[in-house]
Amino acid sequence: MSETQASVIVVEDEPQIRRFVCEALRSEGWASLEAATARQGLDEAARGQADLLILDLGLPDMNGIDFIRDLRAWSPLPILILSARSAERDKISSLDAGADDYLCKPFGVGELLARARALLRRHWHSGETKPQHRFGDVEVDLARHVVSKGGVEIHLTQIEYRLLAVMLANSGKVMTHRHLMQEVWGPGHSEQAHYLRIYVGRLRQKLEIDPAQPQHILTETGVGYRFQS
């Protein structure tokens, strides 16, 4: 696909701004997909047709940082933040969570399109990560936040779900306690490994056939954990 055929998802709850951004994208010859909520944005991304996602952090149904982390669990789609939040901490949190660039409102159309072009150029040769996973009798659809075991839907808390998503994204790799803590809880929690043990135990109780002898969520003694499908 060439840059002139790009498809961009705009996740913005303010209709006027959303329409303005979409019109700017169309003026560049790109297709634009509108989403007023995080759920709509994730659904559009799950279709696998987009090349870039422009995201407002202030959404009505989900924190923008959580949106980024959820999407990053299964998709390498470039994310450009377009937000009125100009504080350094908001920029750092967004980029640490997996966003690729950050542009503050108000913004110029020229700069918006230039940043979008730069992200698109870097995206053309990136790989795809499928949002569906299956191990044992467990099925996970990361795009839709649905986890089932033996055909029965399993409820996971937000932290349990995020921990599972990180493990699935790193299947077969040994993940240290520190890495998992930073990925799931964020910077500043890397030394509180007792939280990690508690939530790994909960995941095993819900997903493993025998939690006492797990087949998928394995302990690497003294190091961390490894997910084995």
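**Entry 1. The annotated domain**

I began with the UniProt record, an unreviewed entry, which places the feature "domain: Response regulatory" at residues 7–120. The model I examined is a predicted one. Over residues 7–120 I read 46% helix and 20% strand. The C-alpha atoms at the two ends of that range are 10 Å apart.

**Entry 2. Strand 3 and its partners**

I next looked up strand 3, which covers residues 52–55. Is each face of strand 3 covered or open? Both faces are covered: L52 and I54 are buried on one side, and L53 and L55 are buried on the other.

I then listed the pairing of strand 3. Strand 1, residues 7–11, runs parallel to strand 3, and 4 bridges join the two. Within strand 3, L55 is the residue that stands opposite V11. Strand 4, residues 79–83, also runs parallel to strand 3 and is joined to it by 3 bridges. Here I noted L80 of strand 4 opposite I54.

**Entry 3. D56**

I checked the record for modified residues. UniProt, again in an unreviewed entry, lists D56 for "modified residue: 4-aspartylphosphate". In the model I located D56 in the loop between strand 3 and helix 3 (64–72).

Is D56 buried or exposed? Its relative accessible area is 7%; the cut-off for buried is under 20%, so D56 counts as buried.

Which residues does D56 contact, leaving aside its neighbours within four places in sequence? I found V11, E12, D13, L82, S83 and K105. Of these, V11 was already in my notes as the residue opposite L55 of strand 3.

**Entry 4. Aromatic pairs**

I searched the whole structure for aromatic pairs and obtained 4. I recorded F20 with F107, a tilted pair with 6.0 Å from centre to centre and 55 degrees between the planes. F20 belongs to helix 1 (residues 15–27), and F107 to the loop between strand 5 (101–104) and helix 5 (109–123), so this pair ties together parts that are 87 residues apart in sequence. I looked up the accessibility of both partners. F20 is partly exposed at a relative accessible area of 41%, whereas F107 is buried at 18%.

I also recorded W185 with Y195. Their ring centres are 6.4 Å apart and their planes meet at 25 degrees; because planes under 30 degrees apart count as stacked, I entered this pair as stacked. W185 is in the loop between helix 7 and helix 8 (193–207), Y195 is in helix 8, and the two are 10 residues apart. W185 counts as buried at 18% relative accessibility, while Y195 counts as partly exposed at 34%.

Which residues form one aromatic cluster with W185? They are Y195 and Y199. I then found a charge at Y199: the charged end of R202 sits over the Y199 ring, 4.7 Å from the ring centre.

**Entry 5. The sheet of strands 6 to 9**

I traced an open sheet of 4 strands in the order 6-7-8-9, with antiparallel pairing. Which are its edge strands? They are strand 6 (132–135) and strand 9 (152–153), each pairing on one side only. Strand 9 is joined to strand 8 (residues 146–149) by 2 bridges in the antiparallel sense. At this pairing I noted K149 opposite V152 of strand 9.

**Entry 6. The sheet of strands 10 to 12**

I finished with an open sheet of 3 strands, ordered 10-12-11 and paired in the antiparallel sense. Why is one side of strand 10 and of strand 11 left without a neighbour in the sheet? Strand 10 (174–176) and strand 11 (217–220) stand at the edges and each has a single partner strand, so one side of each is unpaired in the sheet. I read an average twist of 35 degrees from one strand to the next.

Strand 10 pairs with strand 12 (residues 224–227) over 3 antiparallel bridges. For T176, I found the bridge partner in strand 12 to be G224.

I then looked up the helices packing on this sheet. Helix 6 (residues 158–169) touches strand 10, strand 11 and strand 12, and its direction makes about 70 degrees with that of strand 12. Helix 7 (residues 177–184) also packs on the sheet, touching strand 10 and strand 12. The direction of helix 7 makes about 75 degrees with that of strand 10.

Definitions and conventions: Residues numbered from 1 in each chain as written. Predicted model: local features only at pLDDT ≥ 70, side-chain atom pairs only at ≥ 80, totals over all residues. Heavy atoms only, no water. UniProt positions renumbered as here; feature names shortened; annotations may be inferred. Pairing = 2+ DSSP bridges. Axes fitted to C-alpha atoms, helices over the stretch in contact; angles between N-to-C directions. Contact = heavy atoms within 4.5 Å. Phe/Tyr/Trp six-rings, centres within 6.5 Å; stacked < 30°, edge-to-face > 60°. Buried < 20%, exposed > 50% of the residue type's maximum accessible area, 1.4 Å probe, protein only. Lys NZ or Arg CZ within 6 Å of the ring centre and 35° of its normal.
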